[in-house]
Amino acid sequence: VAHELGHKKSAWARFLAKINLMSVAYMHFIIEHNYGHHVNVATPLDPATSKKNQTFYQFWWQTVKGSWQSAWQIEKRRLER
């Protein structure tokens, strides 16, 4: 639900997405998903794209850690501009 609400134009819908993600300490998802994943999907730069023959647990760690790091880098670049 938070994923879909995070794509909406409505400020209320995006707010609800953030509240939903806050409940599981994953608010960085909106930043990384919209400004990282959608730009880099299916490339080595995308932490949300699994690699060939990667196990579920390897992918889980890659996406949790990589999404957090990517969101921080995206925000750092945004603030520098």
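Begin by selecting S67, which is buried in this predicted model, with a relative accessible area of 5%, a value that falls under the 20% cut-off for burial. Staying on this residue, display its surroundings: leaving aside residues up to four places away in sequence, S67 touches Y26, H28, E32, P47 and Q62.

Next, widen the selection to helix 4, the element in which S67 lies. This helix has 25 residues, and from its first C-alpha to its last it reaches 35 Å, close to the 36 Å expected at 1.5 Å a residue. Colour its buried residues, which are Q62, T63, G66, S67, S70, A71 and I74, and then bring helix 3 into view, since the buried residues of helix 4 pack against helix 3.

From here, move to the largest pocket, where about 180 Å³ of space lies. Two elements, helix 3 (28–40) and helix 4 (56–80), give two or more residues to its lining. To show the lining itself, select Y35, G36, V39, N40, L45, P47, G66, S70, Q73, I74 and R77. Helix 4 supplies the largest share of this lining, with 5 residues.

Finally, recolour the lining by residue class, in which case 5 nonpolar, 5 polar and 1 charged residue should appear. While the lining is still displayed, P47 is worth labelling, as it belongs to the lining of the largest pocket and is also one of the residues that S67 touches. G66, S70 and I74 can be labelled as well, being among the lining residues and also among the buried residues of helix 4.

Technical notes. Residues numbered from 1 in each chain as written. Predicted model: local features only at pLDDT ≥ 70, side-chain atom pairs only at ≥ 80, totals over all residues. Heavy atoms only, no water. 1 Å grid on protein atoms, 1.4 Å probe; cavity = no way out; pocket = protein on both sides within 12 Å on 5 of 7 lines; lining within 4 Å. Points joined across faces, edges and corners; volume = space filled by probe spheres on them. Helix = DSSP H or I, 4+ residues; strand = E, 2+ residues; numbered from the N terminus. Nonpolar A, V, L, I, M, F, W, Y, C, P; charged D, E, K, R; others polar. Buried < 20%, exposed > 50% of the residue type's maximum accessible area, 1.4 Å probe, protein only. Contact = heavy atoms within 4.5 Å. Expected span 1.5 Å × (residues − 1).
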